[in-house]
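Trainee: I would like to learn how to read a protein model. Could you take me through this one, feature by feature?

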Amino acid sequence: MFLRALALLFLALPATAQTSDIGFGRGNFDNSAPVEVAADNLEVDQATGRAVLTGNVVIAQGDLRLSARQVTVDYTTTGGNRSIERLNASGEVLIVAGDDAAEGQEAVYTLGSSDILLTGNVVVTQAGNTLAGDRLTVNLNSGAGVVTGRVRTTLQP
């Protein structure tokens with residue numbers, strides 16, 4: 001029902017720089033859950049506080065799964081404890097949260113705020129419906145998201 005109303009809204013908008021609000025995932029995401037990582041290769045640079053994962057990278061945290069060709073992990077140190085600050089993914093990025101999925105070419109996931117920015121031919125799939133655009137921003141805690149750019153949608157009857 002929401003997506004049908006959304007489709008009608010698209011017809012009324014100009015053909016450039018469109019925006020669409022979406023829900024993504026179920027909200028109430030646990031950003032304190034452990035982060036599990038798998039990849040073909042890992043390079044760690046202690047001096048810069050960076051790790052670079054390449055080849056079939058899969059990162060999971062709770063119900064969230066991110067996969068990509070390469071992910072750079074940026075760490076932060078607070079009170080002597082090192083923790084993951086941000087994940088920078090590139091190359092065939094796929095993000096799955098619950099039953100929802102989004103794909104694009106690059107993503108930045110900021111763990112502290114649970115914000116994800118996905119760019120480059122973004123396609124969001126929810127319950128058989130698709131929504132595409134240039135850019136997706138989503139907050140995993142609230143599930144609120146926005147698709148911007150040339151927004152297109154396909155709705156199942």
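Trainee: Let me start in the middle. Which residues does valine 71 touch, not counting residues up to four places away in sequence?

Mentor: Keep in mind that this is a predicted model. Valine 71 touches Ala51, Val52, Leu53, Val57 and Ile59. Its list also holds Leu66, Leu87, Asn88 and Ala89.

Trainee: How should I read a list like that?

Mentor: Begin with the general idea. In soluble globular proteins, nonpolar side chains tend to be buried together. Now the case here. The largest nonpolar core has 31 residues. Val71 is among the members that touch the most others, along with Phe24, Ile95, Val124 and Leu136.

Trainee: Which elements give two or more residues to this core?

Mentor: They are β4 (50-61), β5 (64-78), β6 (81-97), β7 (100-110), β8 (115-126) and β9 (129-139).

Trainee: Let me step back to the whole chain. How many helices and strands does the protein chain have?

Mentor: It has one helix and 11 strands. Read along the sequence, the helix comes at the start of the pattern, and the strands follow.

Trainee: What share of the residues is buried?

Mentor: Of the 157 residues in the protein chain, 37% are buried. The accessible surface comes to about 8,600 Å². Carbon and sulfur atoms account for 51% of that surface.

Trainee: And how do I read contacts along the sequence?

Mentor: Look at how far apart the partners sit in the chain. Take the contacts with a separation of 6 or more. Among these, 41% join residues 24 or more positions apart. For a single pair, try aspartate 30 and leucine 140. They are 110 residues apart along the chain, yet 8.6 Å separates their C-alpha atoms. Aspartate 30 is found in the loop between β1 (18-23) and β2 (35-38). Aspartate 30 is also partly exposed, at 42% relative accessible area.

Trainee: Now charges. How many salt bridges does a search of the whole structure find?

Mentor: The general idea is simple. Side chains of opposite charge can pair when their charged atoms come close. The search finds three salt bridges here. One of them joins arginine 50 and aspartate 74, with the closest N and O atoms 2.6 Å apart. Arginine 50 sits in strand β4 and aspartate 74 in strand β5, 24 residues apart.

Trainee: Are those two partners buried or exposed?

Mentor: Take them in turn. Arginine 50 is partly exposed, at 40% relative accessibility. Aspartate 74 is buried, at 7%.

Trainee: Which residues are linked with aspartate 74 in a network of salt bridges?

Mentor: Arg50 and Arg86 are linked with Asp74 in that network. The bridge between arginine 86 and aspartate 74 has an N to O distance of 3.5 Å. Arginine 86 lies in strand β6 and aspartate 74 in strand β5, so this pair ties together parts 12 residues apart in sequence. Arginine 86 is partly exposed, at 27%.

Trainee: Which residue does glutamate 92 meet in a salt bridge?

Mentor: Glutamate 92 meets arginine 69, at 2.4 Å from N to O. Glutamate 92 is in strand β6 and arginine 69 in strand β5, so the pair ties together parts 23 residues apart in sequence.

Trainee: Next, empty space. How many cavities of 30 Å³ or more are there?

Mentor: The count comes to two. A cavity is a space where a probe fits but cannot get out. The largest cavity holds about 40 Å³ of space. Its lining is Val35, Ile59, Ala60, Gln61, Leu64, Leu66, Leu87 and Tyr109. Strands β4 and β5 each give two or more residues to this lining. The largest share, three residues, comes from β4.

Trainee: Last, the backbone. What should I look for in phi?

Mentor: Look for the sign. Most residues other than glycine have a negative phi. Serine 114 has a positive phi of about 60°, although it is not a glycine. Asparagine 121 also has a positive value, near 50°.

Trainee: Where do serine 114 and asparagine 121 lie?

Mentor: Serine 114 lies in the loop between β7 and β8. Asparagine 121 is found in strand β8. Check their accessibility too. Serine 114 counts as buried, at 0% relative accessibility. Asparagine 121 counts as exposed, at 60%.

Note on methods: Residues are numbered from 1 along each chain as its sequence is written. This is a predicted model: local features need pLDDT of at least 70, side-chain atom pairs count only at pLDDT 80 or more; totals for chains, interfaces and linings use all residues. Side-chain values use heavy atoms; hydrogens and water are left out. Helices (H or I, at least four residues) and strands (E, at least two) are DSSP runs, numbered from the N terminus. Buried means under 20% relative accessible area, exposed over 50%, partly exposed in between (1.4 Å probe, protein chains only). Contact means heavy atoms within 4.5 Å. Accessible areas come from the Shrake-Rupley method with a 1.4 Å probe; for residues, only the protein chains shown count as cover. A nonpolar core is a set of buried Ala, Val, Leu, Ile, Met, Phe, Trp, Tyr and Cys residues joined through side-chain atoms within 4.5 Å. A salt bridge is a side-chain nitrogen of Lys or Arg within 4 Å of a carboxyl oxygen of Asp or Glu. On a 1 Å grid over the protein atoms alone, a cavity is a set of points where a 1.4 Å probe fits but cannot get out, and a pocket is an open set with protein on both sides within 12 Å along at least five of seven lines; lining residues have an atom within 4 Å of a point. Grid points are joined across faces, edges and corners, and a volume is the space filled by probe spheres set on the points.
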